[in-house]
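Hi everyone, thanks for making time this morning. I'd like to walk you through one fold, so let me put it up on the screen.

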Amino acid sequence: MTGPFGTRFAPSPTGYLHRGHAFSALTAFEAARNASGRFILRIEDTDRTRCRPEYEAATCEDLAWLGLAWELPVRRQSEHMPD
């Protein structure tokens, strides 16, 4: 048996959110909402030279401004490298 339907948005915090990111996030969020499923924000923070905390914060702020809500805590790919 599988778990509930879920989607995710996984940006790399190497710059600010752009229109393509917003479209992808909105599409994933709507799919999860329409299926009464889960929407996960997973930060792809494995590029330690280009990822910046200020970009991650700005991304979360922009997604919230778009009306998106995600499961907490935010997941970080760097915390799951062994997986």
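So, to start with burial: 30% of the 83 residues in this protein count as buried. Do keep in mind that this is a predicted model. The exposed surface comes to about 5700 Å², and carbon and sulfur atoms supply 53% of that.

How does the chain run, then? Starting at the N terminus, the order of elements is β-α-β-α-β, which gives two helices and three strands in total. The radius of gyration is 13 Å, close to the 12 Å that the globule rule gives for 83 residues, so the protein is as compact as a globular protein of that length. If you prefer dimensions, the C-alpha trace spans about 40 × 30 × 20 Å along its principal axes.

Now let's turn to the sheet. The three strands make an open sheet, in the order 1-2-3, with parallel pairing. Strand 1, residues 6-9, and strand 3, residues 75-76, are the edge strands, each pairing on one side only. Helix 1, residues 19-34, packs on this sheet and touches strand 1 and strand 2. The direction of helix 1 makes about 165 degrees with that of strand 1.

What holds the register on each side? Between strand 1 and strand 2, which run parallel, there are four bridges. If you want one to find on screen, look for R8, whose bridge partner in strand 2 is I40. On the other side, strand 2, residues 38-43, is joined to strand 3 by two bridges, and those strands run parallel as well. Here R42 has R75 as its bridge partner in strand 3, and I43 has R76. As a quick general reminder, strands of a sheet pair through backbone hydrogen bonds, either parallel or antiparallel.

And which way do the crossovers go, right-handed or left-handed? Strand 1, helix 1 and strand 2 form a right-handed β-α-β unit. Strand 2, helix 2 (residues 53-65) and strand 3 form a right-handed β-α-β unit too.

One last number on how the chain comes together. Take the contacts between residues at least 6 apart in sequence: 79% of them join residues at least 24 apart.

So, the picture to take away is an open sheet with strand order 1-2-3 and parallel pairing, with helix 1 packed on it. That's it from me, and I'm happy to go back to any part of it.

Terms used:
Residues numbered from 1 in each chain as written. Predicted model: local features only at pLDDT ≥ 70, side-chain atom pairs only at ≥ 80, totals over all residues. Heavy atoms only, no water. Pairing = 2+ DSSP bridges. Contact = heavy atoms within 4.5 Å. Axes fitted to C-alpha atoms, helices over the stretch in contact; angles between N-to-C directions. Right-handed = clockwise from strand over helix to strand, strands pointing away. Rg over C-alpha atoms; globule rule 2.2 N^0.38 Å. Buried < 20%, exposed > 50% of the residue type's maximum accessible area, 1.4 Å probe, protein only. Areas by Shrake-Rupley, 256 points an atom, 1.4 Å probe, with all protein chains shown as cover.
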